[in-house]
Every structure is written in structure tokens, then in C-alpha cells.
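Trainee: Before we look at the model, I would like to go through how its descriptive terms are justified.
Mentor: Fine. Ask about each term as it comes up.

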Amino acid sequence: MKYSFISYGSSNITPGATADYDLFTRDGRVAVTKGEPLSPSIAGLLRSHSLFRLCADLSVQTDVYRNTRLFASADYLAAELAVEEALHSLERHEGIDLLVLQRHDPYTFRHSLNVGRLSYLIGKYFSLPDSALEQIVLGALLHDIGKLTIPTDLLKKSGRLLPEEYALIKTHPINGFFKLQEVDLPAEVTRIVQQHHERWNGQGYPLGLQGEQIHPYAQIVGIADVFDALTSARSYRPAIPPYHALEIIIKLRDRDFSANIVSHLLGAVTLYPPNCLIHLNTGELGKVVSCDKQFPTRPRVLVKPESQSDKPLVLDLQHDTEHFIQVIEYTGERSLKILIVDDEEECANALADAIAPAGHQCRIFCSPAQALNQYNVIWPDLVITDVRMPQLDGLTLLKKIRDIDINARVVLNTGYGDMITVIEAINAGAYGFFLKPVEIPEVMKLLQKAQADLDSLHSRQIIKEALLDENKQLKQQLDQLTAAM
Ligand SMILES: [Fe+2]
């Protein structure tokens, strides 16, 4: 994914109106956030500056947290496990069914999972005990449960909300709170649901609480909620890259959020992992060397020399305000989330052990039905499945997964005797296949291909066409192979 700045003409600034974009100064800092009123004095000030707005290439829909490697992969995996455990614990409670929320508004469901993961990571940065983290994740998963009472059309509305519509949306924290009174949950969890829209300065809702009156867990979920909402694409605006989402949140420090909570969010994320490629406003290409946790938007950058005789230059953007990052490219070295499905646990473990040193995260499922059940929650980059399994064979699993996610990458791990199945699988959109016994270099090659596909800046359509083309070639190879058998 690529983000870049484009110039925003000062003639578009109308005193008395509200900002129609997040606007940035030449040094990449947020000057005004979207929706902020432009008083005559602010408008005058802005007109005297060159302003920019953000333009993102959103043709490839991505999972912002994993693709940008905002978190160390081990931390992120722990957060995902915590969310899965919380989902399981919710299954025990009658009267709460998050799948109903998923059907009602899929965005809110996926957002709730993200807020759960993010809240866990912020809570972890606070060094909170596991019992507190469990309550925070539960509260995060349920924070928008009150939206079940809001009509779907209103939740998806892309235009400006009418005052009465906004008033209805604002009832969701209190609706959720009352709904959960019927369920046996810790009071901290229901407080999170009730208070996640309260703001540090008392300007939030529904109670207008301020400062420390807001439960600390609700403060964590509240900031995670805003961060995830900003970095997600919505019907009424594109996703904002995490770098700028953080800048916006920093601007809300001591207003919507306490300085302490903002500093913990900053501590929990790594916006610029080492070796991440960037383009500076000067047109120079650079690589991130390191980044101070408390200044995550201002890394130290190694600038590529123009000629071989030039010495490489390291810029510290914390002190160098002339330079700022204009384009961010997250390429290569991205860890994959892989789901391995095999009824023989030993085989699955051996494959996971072989893959793990490359930094990929593997989840093993010996039951294909369970893997299918969890697909929507884990949302892996790649599935590697055995073909012959009791209950559900690899081909049926592939088809069922692709019913959920048409772009799923499913690789079959198979014996020679399953060739006919493999041909059918390729026709059904399989990403590839391995013959048993698995050759690890072959697996690594396919993983590199998956990484390259995920990092590709081409549109989803181009990727799809390329895959279809490759599938055709693969099918031809298979036809030749089977003819020779
Ligand atoms: Fe909410």
C-alpha cells in the first residue's frame, strides 16, 4: 500500500466552514483534522501555509495492522490469541452472540476484533495483569454491541448524518450497557461498553464524564476504538495510514485522551520498523534505521546516496524539520499468518517448525471443521491443508473457505495418489500444492511468492488476473503430469 501527499489549494479554505479533509503542513504535521470548524482566524492562518491532504492507494484492501507491521509479530499473535479466548468465553454466555453483530454489520464485527487486539496491546504496555487484560478484551469485543439496535442502513450511511440520526447512533453505548445487565459479566466489562465514547475533557457521551471519572479500561478501549476507526476504510472516507492516525491522536492529547494513554498507545506501536522503505519530501529514497518509541512518527532514516562515491547520510527526523516522510512503502520481510490444517499433528508440527525460522506465524488445526470455523477470526494470509482428512477433506475445506473469502490463498499438501483432487482444487482456485514428502525449499519459495503478492502495489484485480493466468499454467503442467502417470 502506498500513501502520498497531494497539494491542497488554500482557496478551498472557507472561513466558517468545516475542514473537509485532514490537512497537513509541509513538514507532514496535522494542521487541522477533518470536521474541525475553520474560524476566520484559523482559516487566515491556514491560507498563509502550503497545505497538503493525503491520498492513499486503496485499490488493495489490506489488514493495516499486519501489513504495516505496527506490532512485533509475537505481540500481535498474543493479542490474537487473547481475542480468540475471549470469543470462546463469550460463547458460554447466553444472550450474547457476536455472530448476530457480524450479520447485522460486518464492519462493526471486524472493527470489534481489531479493537480487542489493539486494546490488549495497549493494556500489555501498561503491564496490566492477565485478569485485567481479559476484561479489557471482553469489553472491547462488546463495546459496540449496542449498535444492534441501530438500523443497518444508518450504520452504513455514507452522507452526512442528520441531527436525529446522530442522536440515535449515540444511544449505542447505553443500549449496550443495558443489554449486558442481563448477562453475568464483570462490572469492568460493562463499564467499558458504557464509557468508551467518554472523553478526557468531558465532551464525550453518554454521561459526559471527564478525566479520571472515566474507567481506565474504557480509556484504553476508547483510544483503540478511535485509532482503528481512523485506519479503516469506511463508506464515507478512505482509511488513514497509521502514521497520520497517530498524528491526529497526538493532537487530541489532553482533549479527548489523557497524555498518559496517548503515550501508552505510542509505546505499543512501531510505525516504522527497521528497513521499512520511505520516500522523503525531497524525493530521496530512504530506509528506516531506528525509531524512538515516544516519537514514533519521526524515525532516523538512512538516505540512499545519489552516486556510489557519496557517503550514505543518516537523518534524524526528530530534529530535522526540513524533511518529512512523503511516501511509505511497506515491502518485503513481511511475516505471513499461516494456518496449517492436518489431522496428523506430527506432520503439521514438522511443517510449522520448518517455516517458523523465517519469522512466519503458524497456527495448527488438526480438525478441518475447527479451522473453517476460525477462518473468519484469524483471517490468515495462507492456508496449507492436507487433502485426506476424516470429516472434511482438503478440497471441500478449500471450497468452503473460498465461499467465505474469495481471495483466500489455500495450498494443498498432498500425496501422489491425490492428483485428481489437486486438479479439481486448482480449478476451484487453489493457490498451489506441495507433494508429500514436502520439500522445504519449495515451501519457502511459495511463501515468498505469497509475500510478494501481499506487498504488491497492483490492484486486487491485477493480482487476481495474474493468479488465474498462473492457475491455467499450473493446470497445463498438471495435465502433462497426469498424462505421464
Ligand atoms: Fe462505539
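Mentor: This is a predicted model. In the protein chain, 64% of the contacts with a separation of 6 or more are between residues 24 or more positions apart. The chain has 19 helices and 14 strands, and buried residues make up 38% of its 485 residues.

Trainee: Why is H6 called oblique to H10?
Mentor: Helix H6 (residues 130–142) and helix H10 (residues 187–195) pack at an angle of about 40°, with their axes 8 Å apart. Angles under 35 degrees count as roughly parallel and 65 to 115 as roughly perpendicular. The angle fits neither class, so H6 is oblique to H10. Their crossing is right-handed.

Trainee: How do you know which residues of H6 and H10 meet?
Mentor: The criterion for contact is C-beta atoms within 7 Å. On the H6 side, Gln135, Leu138, Gly139, Ala140 and Leu142 take part, and they meet Glu188, Val189, Ile192 and Val193 in H10.

Trainee: What makes up this contact by residue class?
Mentor: Six of the residues are nonpolar, two are polar and one is charged. Gly counts as polar here.

Trainee: What makes up the largest nonpolar core?
Mentor: The core has 60 residues, and those with the most contacts inside it include Val137, Val221 and Phe227. Among the elements giving two or more residues to this core are H6, H10, helix H3 (73–91) and strand E5 (277–280).

Trainee: Which element gives the most to this core?
Mentor: H11, with nine residues.

Conventions. Residues are numbered from 1 along each chain as its sequence is written. This is a predicted model: local features need pLDDT of at least 70, side-chain atom pairs count only at pLDDT 80 or more; totals for chains, interfaces and linings use all residues. Axes are lines fitted to C-alpha atoms, for helices over the stretch in contact, and angles run from 0 to 180 degrees between N-to-C directions. Helices (H or I, at least four residues) and strands (E, at least two) are DSSP runs, numbered from the N terminus. Angles under 35 degrees count as roughly parallel, over 145 as roughly antiparallel, 65 to 115 as roughly perpendicular and the rest as oblique. A crossing is left-handed if the near helix is turned anticlockwise from the far one by less than a right angle, and right-handed if clockwise. Two residues are in contact if their C-beta atoms, placed from the backbone, lie within 7 Å. A nonpolar core is a set of buried Ala, Val, Leu, Ile, Met, Phe, Trp, Tyr and Cys residues joined through C-beta atoms within 7 Å. A residue is buried if 20 or more other C-beta atoms lie within 10 Å of its own, exposed if 12 or fewer, and partly exposed in between; C-beta atoms are placed from the backbone.
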